[in-house]
Amino acid sequence: MLLDDFSELEKTRHEKMLRLRAEGTEPYPTRSSKNMSNAEAIKAFEAAEAKGESEVPDVVLAGRIRAIRDMGKLCFAHIEDGSGKIQLFLRVNELGEEKMAGFIRDFDISDFIEASGSLTRTRRGEITLMVHDFSMLAKALLPLPADKDQVIDGETVRHSVLTDPETRYRQRYVDLAVNPEVREIFKARAKVVSTVREYLDERGYLEVETPILQPIYGGAAAKPFTTYHNQLHQELFLRISFELYLKRLIVGGLDRVYEIGRDFRNEGVSFKHNPEFTQLELYEAYTDYHGMMRIAEEMISKAAFKLNGHYKIQYDGQEIDLTPPWPRLSIRQGLIDFAGIDIIDYPTIESLETLLKEREIPFRPGSPRGKLIGILMETYIEPRLIQPTFLCDYPRDISPLAKNVPGDPSTVERFEIFIGGVEMGNAFTELNDPLEQEKRFMEMAKAYAADDEEQHPMDHDFVRSLAYGMPPTGGMGIGIDRLVMMLTGKNTLREVILFPHLRKIED
RNA sequence: GGGCGCGUAGCUCAAUGGUAGAGCAGCGGCCUUUUAAGCCGUUGGUUCAGAGUUCGAUCCUCUGCGCGCUCACCA
C-alpha cells in the first residue's frame, strides 16, 4: 500500500491532506475554474500595460506550486502549468490572517493550486498574480525532487536537478514534472512526426496501418518476440518490419503508402537500440532508390528546419549540416577511400577472410561474402559518416528484398542513411521479380539454416502477391527515434523515448 | 550474454575499517515586494539486498538485484 511506505515527510503531507478534508475543503476537487493559462496571463498583462493600464482583474490561474518564499505577512510562490510559470503574491492584507496562515500550513511545493486575483507587476518588475483567493486543486502526497532556478545575467541556472537516469526513466512523470527541457524533447519529437506526415501527405501518400501481430515475420533480419492467440491456437510474432505488408499494398494499386508505427526486435539494448521502436516505412511505385534519396534528404532537412529554423545540428560535439543534397557514396568507393581496399580485388569469400584476418577484424567463419563486406563497411565507413551521407550499393546476399544493380549480379540498389555515424534509414529499389524473390528467400533460409535464432521464414503469400505483378518501386524505412535523437542532439535513444525499456524491478 | 564502473537522507553530493555529514526540501520560529529570499533552531539513514572476513564493515571479499559505459549481437 502506498501509505505503508511513506516517509516522515510524506506522512506530513498526508496529514495536511486529511486536515483539509476534515475542515471541509476537498483536497481533490472535481473541477477547476482556471480561465487562462500562465502564458496567456503574461500576454494579457503586457497588452493591458501597453494601453496604460497597471492591472488585469478577475484572473483565475492554476498550476503546480514550484517554489514558495514565505515572508510571514506576505508570501511569494511560483506556479507552473503546461504553458510555463507565473508568480503568485499572497498578502495578509488581501487574504486575512486565517487564510494566509492556511496557505503556509496546508500547501507544499508540488501541490496543484488555483488562485484568483488581479495581475500586476511587483517592485522587482515581475508580472505577478495578486491573489484574492485560492484553493487546493490536488494535494501531492509525494514531494517532487527539490530543484531551484537561479537567474544569473538572464540565464537560468538550475540547482539540485533530478539527474539519476534510473529515476528519470522509471518515473518519467517525475522527470517531466521537474525538468522542463525534457518536455521540450517530446514536443520536438511530435513536431518531427507531424512534419514527416505533412511532407508525405502533400505528395499523395496514403497513411495505412498493417498488422502488428503477424503469423510470419519478415522484412528485416531480427529476432522476433513471440506470442500466442489462445482461441485460434496460433503462434504469432510481433512485427520486425512493415515491409512485406506495405509492398502487398503496392501490388494492390495503392501507389504511395506509408506507415508510422512500432517495430519489435528481440535483441540487445543500447544507445541506438530499444526493443520496441518507431519506424517510418514508405513505398512509392514508379520510382527507385534514387527517388528515395531525394525524399529522405528533403524530408529530414525539412524536419530539422521546422524544428530549429536552420539545417545545422550539434551532435556529439560536432556540427552536422543537413542542407540537401547529401553526398552519395558507394560502399566500393567508401572502402577505397577509407580503407584502401577495392572489393573488386577480393572476389571470393576466401580472399576476403584472408584480408579480415590480416587486419585483425573479427568475423564469423562461414559467413557469405556480402556479410564480410558488411563487416568492412561497419569498421571503416560507418564511423566516418558524420555528415549526412547515402551509402549506396550493397552486397546482394545481405539484401534479399532489393533489386540488382543492372549488369551487376552481386550488388543491389540499396542505400542506408548515415548521420553522426549512426544508421538512420535503409532503402532500396524493391525486388519485384516473384521467382527471384522466392529464390532469395530460399537462399536466406539456407544461409541461416544453422542459426535457429536468425531463421528467415519464407513468406509464400508475399511471393504470390509479387506474382500478380508489382510495378517498379522504391521503398524506405527511417528510424524515427534515432532521427529525433539526432535532431535534438541527444546521445541516447532513451532520451527521446518516453518510457524506454528497463529491466523489471520488484516494486 | 562478456568486461569495466556505480548504488549513502525526498533531490544533489561528502566522508571513514571505529558505528555517517552538507546544501536544498521538511518541521518550529522571525521577517509586509521576494525570486537558489534571508536569519535562528531542528527532524530525517536497513549507507541497494544477503552472506563472509574482522573485536568491529557503509568501506574489504563473494553472491544477487538495479543502473551506466563498453564489447558481442543487430542482412
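## RNA strand B and the second largest pocket

A backbone N or O atom of Asp-149 lies 3.3 Å from a sugar or linking oxygen of RNA strand B. This is a predicted model. Two other contacts to the strand join that one in the table.

| Residue | Protein atom | Atom of RNA strand B | Distance |
|---|---|---|---|
| Asp-149 | backbone N or O | sugar or linking oxygen | 3.3 Å |
| Gln-150 | polar side-chain atom | base nitrogen | 3.3 Å |
| Arg-503 | backbone N or O | phosphate oxygen | 2.7 Å |

Which elements give two or more residues to the surface near RNA strand B? They are helices H1 (8-22), H3 (92-95) and H5 (165-170), together with strands E1, E2 (74-81), E3 (84-91) and E6.

In total, 56 residues surround RNA strand B. Lys-16, Arg-124, Glu-166, His-273 and His-456 come nearest. By class, this surface has 23 charged, 20 nonpolar and 13 polar residues. On the RNA side, sugar or phosphate accounts for 59% of the strand's atoms within 4 Å of the protein. Bases supply the rest.

Asp-149 also belongs to a pocket. It is one of the residues nearest the centre of the second largest pocket, along with Ala-67, Arg-69, His-78 and Lys-148. The volume of this pocket is about 610 Å³. Its lining counts 20 residues: nine nonpolar, eight charged and three polar.

Strands E1 (56-70) and E6 (148-152) each supply at least two lining residues. E1 gives the most, with four. Both strands also appear among the elements at the surface near RNA strand B.

Notes
Residues are numbered from 1 along each chain as its sequence is written. Chains are lettered from A and ligands numbered from 1 in the order in which they are written. This is a predicted model: local features need pLDDT of at least 70, side-chain atom pairs count only at pLDDT 80 or more; totals for chains, interfaces and linings use all residues. Side-chain values use heavy atoms; hydrogens and water are left out. On a 1 Å grid over the protein atoms alone, a cavity is a set of points where a 1.4 Å probe fits but cannot get out, and a pocket is an open set with protein on both sides within 12 Å along at least five of seven lines; lining residues have an atom within 4 Å of a point. Grid points are joined across faces, edges and corners, and a volume is the space filled by probe spheres set on the points. Ala, Val, Leu, Ile, Met, Phe, Trp, Tyr, Cys and Pro count as nonpolar, Asp, Glu, Lys and Arg as charged, and the others, Gly among them, as polar. A residue is near a molecule or strand if one of its heavy atoms lies within 4 Å of it. A polar contact is a pair of N or O atoms within 3.5 Å; within protein, one must be able to donate a hydrogen and the other to accept it, and residues adjacent in sequence count only if both atoms are side-chain atoms.
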